[in-house]
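Reader: I should like to go through this model element by element, with the criteria behind each value stated. Please begin once the sequence and structure are displayed.

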Amino acid sequence: MERLQKVIAQAGVTSRRKAEKLIQDGQVKVNGETITELGTKVSPSDEIEVNGVPIDKEEPVYFLFYKPTGVISSVNDEKGRKVVTDFFPEIEQRLFPVGRLDYDTSGLIIMTNDGDFANVLMHPKFEIDKRYIAKVKGIPSKRELRNLAHGIELDDGKTAPAKVKLKSLDKKKQTAIIELTIHEGRNRQVRRMFEALGYPVEKLKREGYGYLDLKGLNAGEHRPLTPHEVKQLRNLAVT
Ligand code: URA
């Protein structure tokens with residue numbers, strides 16, 4: 001048995017919070033009866049309708065995807081560019097990405113049809129670590145990297161403390177490879193952080209998300225998350 005609002009969110013209708021509102025507003029029926037009680041539990045055999053439309057109860061599925069560059073983190077694109085869901089032709093469920101990576105960023109992104117799970121992971125208060133590898137133009141000094149770690153001023157405010165490691169540098173080409181771990185998820189944040197220091201990002205890849213990494217996958221490939229990994233992510237988001 002699951003809570004009604006969770007089942008509605010899982011079906012991809014809306015977020016759990018909005019599902020609660022729909023229930024309270026009398027817009028949800030279970031087996032033909034209007035239910036306004038938030039704690040109501042339902043079983044897989046119960047028929048649920050939202051505004052008179054039966055919800056599709058999909059089995060929740062979870063994948064780890066290695067997004068290549070040149071792919072939009074969306075389920076469709078007006079300009080006809082490749083989108084992340086194009087890499088899952090065999091999956092019947094309506095998948096969507098948890099958060100986004102820029103068109104020109106590669107790396108780890110979680111794909112699911114579980115709206116509730118996605119909303120929880122994306123909530124800023126849970127501060128899930130995201131580890132990026134950036135190739136930047138120029139070679140930042142130790143002091144500049146320390147500043148980056150402490151937090152730097154961007155046009156939407158100061159960044160939270162981050163972990164920064166210089167992995168390697170190429171003096172001839174004047175480039176550096178830097179690992180940056182942040183838990184915020186502002187738009188183009190990593191690129192903007194390096195730009196603010198004066199070192200434009202030439203290449204960006206997300207290698208880690210919570211406990212997850214890209215081991216065993218090539219760009220464009222995916223694998224299902226294990227039930228244990230799904231649990232671990234949920235735990236990260238409650239601790
Ligand atoms: N930061 C960026 O600048 N781009 C991404 O895709 C992710 C984080």
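Reader: How many of the residues of strand 7 are buried?

Author: This is a predicted model, in which local features need pLDDT of at least 70 and side-chain atom pairs count only at pLDDT 80 or more, while totals for chains, interfaces and linings use all residues. Residues are numbered from 1 along each chain as its sequence is written, and side-chain values use heavy atoms, with hydrogens and water left out. Buried means under 20% relative accessible area, exposed over 50% and partly exposed in between, with a 1.4 Å probe and protein chains only; strands (E, at least two residues) and helices (H or I, at least four) are DSSP runs numbered from the N terminus. By these criteria strand 7 is mostly covered, and the number of its buried residues is 6 of 6.

Reader: Which residues of strand 7 point one way, and which the other way?

Author: In a regular strand the side chains alternate between the two faces of the sheet. In strand 7, Tyr62, Leu64 and Tyr66 point one way, and the residues that point the other way are Phe63, Phe65 and Lys67.

Reader: Which residue is the bridge partner of Tyr66 in strand 9?

Author: Two strands pair if DSSP finds at least two bridges between them. Strand 7 and strand 9 are paired in the antiparallel sense, over 6 bridges. Within strand 9, the partner of Tyr66 is Leu108.

Reader: Which residue in strand 17 stands opposite Phe63?

Author: Strand 7 also pairs with strand 17, which covers residues 222-224, in the antiparallel sense over 3 bridges. Opposite Phe63 in strand 17 stands Pro224.

Reader: Between which domains does the largest nonpolar core lie?

Author: A nonpolar core is a set of buried Ala, Val, Leu, Ile, Met, Phe, Trp, Tyr and Cys residues joined through side-chain atoms within 4.5 Å. The largest one has 31 residues, and those with the most contacts inside it are Phe88, Val136, Leu148, Leu180 and Phe194. Elements that each supply at least two of its residues include strand 7, strand 10 (130-137), helix 4 (142-150) and helix 5 (189-197). Domain bounds come from an automatic or database domain assignment; because both domains give residues to this core, it lies between domain 2 (62-125 + 214-236) and domain 3 (130-209).

Reader: Which residues does Phe88 touch, not counting those up to four places away in sequence?

Author: Contact means heavy atoms within 4.5 Å. With residues up to four places away in sequence left out, Phe88 touches Phe63, Phe65, Leu95, Met111 and His222.

Reader: How many residues has the other core, which lies apart?

Author: Among the members of this other core are Val98, Phe117, Ile128 and Val230. Its number of residues is 19.

Reader: Which residues of helix 5 are buried?

Author: Helix 5 is mostly covered, with 7 of its 9 residues buried. The cover over these residues includes strand 9, strand 10, helix 4, strand 11, strand 14 and strand 15. The buried residues are Gln189, Val190, Arg191, Arg192, Met193, Phe194 and Leu197.

Reader: What phi does Gly198 take?

Author: Gly198 comes just after helix 5. Its phi is positive, at about 100°.

Reader: How far apart are the closest N and O atoms of Asp156 and Arg192?

Author: A salt bridge is a side-chain nitrogen of Lys or Arg within 4 Å of a carboxyl oxygen of Asp or Glu. Asp156 lies in the loop between strand 11 (153-154) and strand 12 (157-158), and Arg192 in helix 5, so the pair links distant parts of the chain, 36 residues apart. At 42% relative accessibility, Asp156 counts as partly exposed. In its salt bridge with Arg192, the closest N and O atoms are 3.0 Å apart.

Reader: Is Glu179, which meets Lys167 in a salt bridge, buried or exposed?

Author: The side chains of Glu179 and Lys167 meet at 3.7 Å, N to O. Glu179 is in strand 14 and Lys167 in strand 13 (residues 163-170). Lys167 counts as partly exposed because its relative accessibility is 47%. Glu179, at 10% relative accessibility, counts as buried.

Reader: Which residues are linked with Lys167 and Glu179 in a network of salt bridges?

Author: The structure holds 22 salt bridges. In this network, Lys167 and Glu179 are linked with Arg131, Lys165, Lys205 and Glu207.
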